[in-house]
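Here's a quick briefing to read with the model open beside you. Take a look at the fold first, then go through the points by topic.

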Amino acid sequence: MDLSKIVTIAGRPGLFQVKSQSVGKIIVESLIDGKCSPAFLRERMSSLEEISIYSVDEDKPLKEVFRGIHDKMGDKVDFDYKKASNDELRAKFLEVMPDHDQDAVYPSDMKKVFQWYQILMDKGLLDFTEEPAAEEPAAEEAQPEAEA
């Protein structure tokens, strides 16, 4: 799952997919309404690939948090995150990321994560199928045979 072409832009609702780049701006498509617009370099943009969530040990990439949501809830968020109270958001977030830093991750952050997950799932941009691991050569194949 490649989230490097999905961005959030400060001051604009929702998520955007990068379509093309030119000098001083990029063209983005809103994942909410499908409209294309320019985003200028002076605007604060963050790629979802670079976003992580604070945890008690080390920060967790957003990809892993999305995987936790998928493992617990499937393809649809199983509650109304828009109307949920802060306590409900915290309880649901504890289910998908039990080790998050409860002092540093705010309910507004949790709401965004659930919203982004649902937008990306609705657009078919999240893929949780496991990629086959590359097979390593067996130890006996790697060593040359001894001559008699």
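What follows is a walk through the fold, the sheet, the largest pocket and one buried lysine.

Keep in mind that this is a predicted model. The chain has four helices and seven strands, and reading from the N terminus they come as β-β-β-β-β-β-β-α-α-α-α. So to speak, strands come up front and helices follow.

**The chain overall**

- Out of 148 residues in the chain, 33% are buried.
- If you take contacts between residues at least 6 apart in sequence, 53% of them join residues at least 24 apart.
- The chain exposes about 9800 Å², and 47% of that comes from carbon and sulfur atoms.

**The five-stranded sheet**

- Five strands make an open, antiparallel sheet, and their order across it is S4-S3-S2-S1-S5.
- Strand S4 (36-40) and strand S5 (45-47) sit at the edges with a single partner strand each, so one side of each has no neighbour in the sheet.
- Ignoring direction, neighbouring strands in this sheet are turned by 45° against each other on average.

**S2 and S3**

- Strand S2 (residues 16-22) pairs with strand S3 (residues 25-30) over six bridges, in the antiparallel sense.
- Want specific partners to click on? Gln17 bridges to Glu29 in S3, and Val18 bridges to Val28 in S3.
- These two strands form a hairpin with two residues between them, and Gly24 in the turn has a positive phi of about 80°.

**S1 and its two partners**

- On one flank, S1 pairs with S2 over two bridges, again antiparallel.
- Ile6 has Gln17 as its bridge partner in S2, while Val7 has Phe16 there.
- Gln17 is worth a second look: it is the partner of Ile6 and also has Glu29 of S3 as a bridge partner.
- S1 and S2 form a hairpin too, this one with six residues between the strands; Gly11 in the turn has a positive phi of about 90°.
- S1 also runs antiparallel to S5, joined to that strand by three bridges.
- One residue to find here is Thr8, whose bridge partner in S5 is Ser46.
- Which way do the S1 side chains point? Ile6 and Thr8 point one way, Val7 and Ile9 point the other, and all of them are buried.

**The largest pocket**

- The largest pocket has a volume of about 370 Å³.
- It is lined by 16 residues, and the closest to its centre are Thr8, Ile51, Asp109, Lys112 and Trp116.
- Thr8 therefore turns up twice in this briefing: it is buried in S1, with Ser46 of S5 as its bridge partner.
- Strand S1 (6-9), S5, strand S6 (52-53) and helix H3 (107-122) each supply at least two of the lining residues.
- Which element gives the most to the lining? That's H3, with four residues.

**A buried lysine**

- Lys92 is found in helix H2 (residues 86-96).
- Is Lys92 buried or exposed? Its relative accessibility is 19%, and since the cut-off for buried is under 20%, Lys92 counts as buried.
- Leaving aside residues up to four places away in sequence, Lys92 touches Met73, Asp78, Phe79 and Phe114.

Definitions and conventions
Residues numbered from 1 in each chain as written. Predicted model: local features only at pLDDT ≥ 70, side-chain atom pairs only at ≥ 80, totals over all residues. Heavy atoms only, no water. Pairing = 2+ DSSP bridges. Axes fitted to C-alpha atoms, helices over the stretch in contact; angles between N-to-C directions. Buried < 20%, exposed > 50% of the residue type's maximum accessible area, 1.4 Å probe, protein only. Contact = heavy atoms within 4.5 Å. Areas by Shrake-Rupley, 256 points an atom, 1.4 Å probe, with all protein chains shown as cover. 1 Å grid on protein atoms, 1.4 Å probe; cavity = no way out; pocket = protein on both sides within 12 Å on 5 of 7 lines; lining within 4 Å. Points joined across faces, edges and corners; volume = space filled by probe spheres on them.
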